Amino acid sequence: MPVNLLSDPIFSAEGGRRLNLPGLFAALACDEVRGFPRLRAHQRAAWHMFRVQLAALALDKAGRAEPPQDEADWHALLVALTEGVAGPWDLTGPDRTKPAFLQPPDPGGLKWEPVATPDALDLLITSRNHDLKSEIAAQAAPEDWVYALISLQTSEGYGGRGNFGIARMNGGSSSRAMLGLAPAGPDGRPDPASWWRRDLALVLRNRNAPTLLTRGGKALLWTLPWPEGRQIPALEMDPLAIEVCRRIRLVARDGTVVAERAASKAARVEAKAFNGVLDDPWAPVNVKDATPKTLTLGEGGRFHYRRMVDLLTGGYWQLPLAARLDEGEVAGNMVLVAEALARGNSKTDGLQSRNVPMPKRVRGLADIRNRIARAAQEQMAEIAAADAALREAVALYAARGDFETVGKPQRQRAAAARERLDATADRIFFDHLWARIAGMDEGDDALAEARANFRAVLVTTARDELTRAFDAIPCARIHAPRARIRARGRLEGALRKANLLEVTHA
């Protein structure tokens with residue numbers, strides 16, 4: 001039986017509700033959606049951005065500024081967005097020469113290959129199949145196909161010959177990163193409904209901002225013909241355009257949905273010269289070089305505290321619209337969301353995600369970006385000092401306490417201990433950062449206490465890691481007592497010299 005997103009309740013929400021797409025938008029507007037049980041972790045960012053882009057395009061076309069709370073209104077808005085035709089919202093379009101949901105028309109003459117399950121269609125590629133087991137969704141629901149289509153078509157990179165990626169990334173081996181502020185729910189995580197309303201209001205208020213692209217230009221790229229070898233110039237796209245990067249068709253067969261895919265001779269959008277900088281509201285842009293480019297989270301990359309500080313304060317990073325505090329956003333809890341797939345050559349290296357709480361007491365301070373930069377540099381200098389002290393202490397122990405034989409091999413023995421120290425610093429970095437920034441405003445005593453608390457954690461962790469190294473690194477029994485004493489002395493001396501012991505009095 002055909003499935004249409006505008007009429008069929010295929011979306012599951014918490015509490016057992018089933019909603020069609022207009023009903024889902026109405027429920028979000030009424031603050032009645034807390035989560036999506038069938039959504040997989042790596043699909044969250046694409047699903048959020050898709051919903052905001054689609055709703056904003058529909059409202060803007062109708063000249064409306066506020067999201068309606070009625071399902072019938074949303075139905076009319078979405079149908080109007082596809083020029084009064086419901087076919088582009090069919091999940092399995094019976095006529096292949098016409099568009100179906102996120103499925104461009106079949107131009108004919110292509111070689112189509114079957115895809116059995118949504119996860120086999122999805123963008124997640126793993127070299128060791130460790131993030132998600134492939135082709136396990138044999139009992140897939142239409143909702144699973146929708147999430148897989150959105151994930152693939154709006155976030156995929158280069159996947160080999162004939163499989164091109166989206167325009168909103170810096171090259172085929174990059175990824176579409178998302179950085180944005182979100183209202184937090186009671187559990188401290190982004191609240192889906194409030195987050196959607198916040199970002200929707202932001203992009204609508206900024207529709208008249210200067211752009212290289214074309215407001216009112218090509219928006220729903222899946223509804224457009226895709227002749228083989230024909231590309232859409234990036235400048236003809238609307239800044240909120242919803243991309244499709246692959247030829248996909250879903251078909252109903254024996255009571256189930258299956259997919260077919262075909263290669264293309266060229267990327268759908270001609271955007272190579274833009275390095276992903278296409279006014280994406282969630283994309284951080286590196287403006288250090290003459291040619292700006294969006295953030296690439298390469299193989300092994302993650303949202304470490306150093307990267308987050310760079311994004312928030314670095315002079316060569318331009319914060320995306322969604323990550324900027326809007327006027328009046330002081331009340332309520334908010335969280336900074338950073339999410340992307342780390343990518344290598346035609347593979348992904350896993351979902352990288354970080355939620356950083358942004359407390360009210362910090363958001364309301366004047367000159368907040370400079371305050372973050374100043375406090376973060378202090379903390380990173382303290383981490384570096386603790387790291388150097390630990391490295392030299394472990395190296396001295398590995399040299400059996402002989403000062404003269406400490407060299408590169410001995411310092412390399414400290415790698416595991418240093419990684420654990422850094423992991424501890426990463427875990428606590430922002431909680432202590434906010435306390436330090438608040439202390440700057442509250443007075444000398446509060447600032448001194450905030451500094452002391454962070455340093456105390458570093459000192460305790462460095463001491464624990466040195467003790468752990470005593471058990472992990474072989475040392476002859478005859479030399480071990482001297483090596484331990486000298487290693488501890490070197491650690492304490494270095495910590496004291498760096499002023500990390502000024503409060504802890506070790």
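In this predicted model, W47 is buried, with a relative accessible area of 1%. The residue belongs to an aromatic cluster that also contains F11, F36, F50, W89, F101, Y147 and W222. Aromatic pairing recurs in the model, with 19 aromatic pairs counted. One of these pairs joins W47 to Y147; the ring centres are 5.1 Å apart and the planes stand at 70°, so the arrangement is edge-to-face. An angle over 60 degrees is required for that class. W47 is located in helix α2 (residues 44–62), whereas Y147 is located in helix α5 (residues 142–155), and the pair therefore ties together parts of the chain 100 residues apart in sequence. Y147 is likewise buried, at a relative accessible area of 2%.

A further edge-to-face pair is formed by F429 and F454, with a centre-to-centre distance of 6.4 Å and an angle of 90° between the planes. F429 lies in helix α11 (residues 415–442) and F454 in helix α12 (residues 444–472); the two residues are 25 positions apart, and their pairing links distant parts of the chain. For F429 the relative accessible area is 0%, and the residue is buried. F454 is also buried, again with a value of 0%.

Aromatic rings are also found beneath arginine side chains. The charged end of R96 sits over the ring of W112, at 4.8 Å from the ring centre. In a second case, R247 lies over the face of W226, and the distance to the ring centre is 4.2 Å.

T92 was examined as a site in a loop, namely the one between α3 (71–81) and β3 (113–115). Its relative accessibility is 8%, and T92 therefore counts as buried, the limit for this class being under 20%. Leaving aside residues up to four places away in sequence, the contacts of T92 fall on P2 and V3 as well as on L250, V251, A252 and V257. The C-alpha atom of T92 is separated by 10.0 Å from that of R253, a residue 161 positions away along the chain.

Taken by residue, the buried positions described here include W47, Y147, F429, F454 and the loop residue T92. W47 and Y147 both take part in the aromatic cluster, and T92 touches residues including P2 and V257.

How values were computed: Residues are numbered from 1 along each chain as its sequence is written. This is a predicted model: local features need pLDDT of at least 70, side-chain atom pairs count only at pLDDT 80 or more; totals for chains, interfaces and linings use all residues. Side-chain values use heavy atoms; hydrogens and water are left out. Helices (H or I, at least four residues) and strands (E, at least two) are DSSP runs, numbered from the N terminus. Buried means under 20% relative accessible area, exposed over 50%, partly exposed in between (1.4 Å probe, protein chains only). Contact means heavy atoms within 4.5 Å. Rings of Phe, Tyr and Trp (its six-membered ring) pair if their centres lie within 6.5 Å; planes under 30 degrees apart count as stacked, over 60 as edge-to-face and the rest as tilted. A charge sits over a ring if NZ of Lys or CZ of Arg is within 6 Å of the ring centre and within 35 degrees of the ring normal.
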